[in-house]
Amino acid sequence: MDVSILILNYNTCQLTTDCIRSVFASQTRYEYEIILIDNNSSDNSVEVLSRTFPSIPLIANRENVGFAKANNQGMKIAQGRYVLLLNSDTVIQPDTLQTMVAYMDQNPHVGASGCKVLLADGSLDKTCKRGLPTPSASFYYMFGISKLFPDKPKYNQYQLSYLDPDQEHPVDCLVGAFMLVRSEAIREVGMLDEAFFMYGEDLDWCYRIKQAGWAIRYYPRTFILHYKGASSKRRPVKLLYEFHRAMVLFYRKHYREKYAWPVNGFIYTGIGVKFTMTLIRNKFRPVKDNTPPPGGGESSAVPVRGEACSAKISNF
């Protein structure tokens with residue numbers, strides 16, 4: 001087995017269906033398996049996905065155990081030389097698996113790689129190539145200084161906006177929406193840290209992989225589409241809380257012992273201020289509706305969203 005593709009579902013039946021169909025449309029010589037994990041969805045996902053894709057193993061949790069733990073459950077039964085974390089709200093291209101696995105095979109020193117990630121509007125998902133959130137990088141990012149000087153490496157240590165998104169680059173961190181990881185590296189550094197419920201676990205994993213001596217590469221010779229929630233819509237407070245809690249966890253785990261207490265205090269205060277400001281801004285945003293995002297785009301081989309799951313559910 002070449003690749004074990006882990007897809008976590010949580011009330012995203014149609015998105016997950018389209019994601020799987022995009023994988024099935026892959027044009028590749030590599031052998032792959034898909035492992036589905038459901039985090040106690042309430043939208044009939046388990047029934048629908050099991051019926052639609054009976055050959056795919058599905059782990060059905062009785063509670064929402066979070067992103068890290070759920071993916072670890074899949075990793076424990078994965079058989080591939082590589083493990084691919086793939087978000088349910090993504091659509092890969094027909095050449096994505098072939099391109100990325102071939103790249104890893106040709107570069108045995110690379111522990112993890114990621115391709116270009118595009119949002120629904122065609123813009124780059126900046127999280128697909130990142131630096132480490134060091135104190136200085138976090139300061140420039142959290143207080144908007146990086147946006148004022150997007151071409152300056154000093155002020156863009158985190159999002160690396162000065163790097164050409166169409167060129168291959170060594171990076172510190174990738175995004176968990178699409179991260180291809182060598183199984184040998186996983187055996188060496190361990191799986192995802194389950195202290196992170198959601199957010200931050202990809203940063204932590206990349207940090208540990210790189211610390212172990214493996215290279216991490218951004219390789220934009222192929223791309224995926226990522227239909228994540230629009231930033232203009234109101235987000236659940238729990239998501240905002242977990243995002244900022246992940247910042248604290250990551251800093252405490254990897255940087256607290258390296259800096260004096262005034263720096264640590266400044267960082268924690270900054271995260272608290274950012275969390276408060278985010279809550280205030282979020283309160284005045286429109287409530288996010290449940291309308292599914294549009295179809296997979298020009299290059300995808302998936303149907304318009306909103307068809308398969310609604311049809312399946314109507315049969316119950």
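Start by selecting helix α8 (residues 201-211) and helix α9 (residues 237-254): their axes come within 10 Å and cross at roughly 20°. Before going on, keep in mind that you are looking at a predicted model. Angles under 35 degrees count as roughly parallel, so α8 and α9 are roughly parallel to each other. Their crossing is right-handed. To see who does the touching, show the side chains of L203, D204, Y207 and R208 on α8, then F250, K253 and H254 on α9. Colour these contact residues by class and you get 3 nonpolar, 1 polar and 3 charged.

**Zoom out for a moment**

Now show the whole protein chain. You have 11 helices and 9 strands on screen. The chain has 316 residues, and 51% of them count as buried. Take the contacts between residues at least 6 apart in sequence: 78% of these join residues at least 24 apart.

**Next stop: α9 and α10**

Keep α9 selected and add α10 (261-283). Here the two helices pack at an angle of about 170°, with their axes 10 Å apart. That angle is over 145 degrees, which makes α9 roughly antiparallel to α10. On the α9 side, select V237, L240, Y241, F243, H244, M247, V248, Y251 and R252. On the α10 side, pick V263, N264, I267, Y268, I271, K274, F275, T278, L279 and N282. How do these contact residues divide into nonpolar, polar and charged? There are 13 nonpolar, 4 polar and 2 charged.

Stay here and click on R256, which sits in the loop between α9 and α10. Is R256 buried, exposed or partly exposed? It is partly exposed, with a relative accessible area of 36%. Leaving aside residues up to four places away in sequence, R256 touches Y251, N264 and Y268. Try a distance tool between the C-alpha atoms of R256 and I267: they are 9.7 Å apart in space, and the two residues are 11 apart in sequence.

**On to α5**

Select helix α5 (residues 135-142) and highlight P135, A137, S138, Y140 and M142, which are buried. What do the buried residues of α5 pack against? Turn on α6 (145-148), α9 and α10, and you have their partners.

Now hide everything but α5 and α10. They pack at an angle of about 25°, with their axes 11 Å apart. This pair is therefore roughly parallel. Its crossing is left-handed. From α5, the contact uses P135, F139 and M142. From α10, it uses V263, F266, I267, G270, I271 and K274. By class, that gives 7 nonpolar residues, 1 polar and 1 charged.

Step just past the end of α5 to G144, where phi is positive, at about 75°. G144 lies in the loop between α5 and α6. With 23% relative accessibility, G144 counts as partly exposed. Draw a line from its C-alpha to that of Y155: G144 and Y155 are 9.6 Å apart in space and 11 residues apart in sequence.

**Two more positive phi values**

G144 is a glycine, but the next two residues are not. Click on N40, in the loop between β2 and α2 (45-52). Its phi is near 60°, a positive value in a residue other than glycine. N40 is partly exposed, with a relative accessible area of 38%.

Then jump to Y199, in the loop between α7 (183-189) and α8. What is the phi of Y199 near? The value is 75°, again positive in a residue other than glycine. Y199 is partly exposed too, at a relative accessible area of 30%.

**Last stop: S26**

Finish in the loop between α1 (13-24) and β2 (32-39), where you will find S26. Is S26 buried or exposed? Its relative accessible area is 14%, and buried means under 20%, so S26 is buried. Show its side chain and look for V23: the backbone oxygen of V23 lies 2.7 Å from a polar atom of the S26 side chain. Then add I92, P94 and L97, which S26 touches when residues up to four places away in sequence are not counted.

Conventions: Residues numbered from 1 in each chain as written. Predicted model: local features only at pLDDT ≥ 70, side-chain atom pairs only at ≥ 80, totals over all residues. Heavy atoms only, no water. Axes fitted to C-alpha atoms, helices over the stretch in contact; angles between N-to-C directions. Helix = DSSP H or I, 4+ residues; strand = E, 2+ residues; numbered from the N terminus. Parallel < 35°, antiparallel > 145°, perpendicular 65-115°, else oblique. Left-handed = near helix turned anticlockwise from the far one by under 90°. Contact = heavy atoms within 4.5 Å. Nonpolar A, V, L, I, M, F, W, Y, C, P; charged D, E, K, R; others polar. Buried < 20%, exposed > 50% of the residue type's maximum accessible area, 1.4 Å probe, protein only. Polar contact = N/O pair within 3.5 Å; in protein donor to acceptor, adjacent residues only side chain to side chain.
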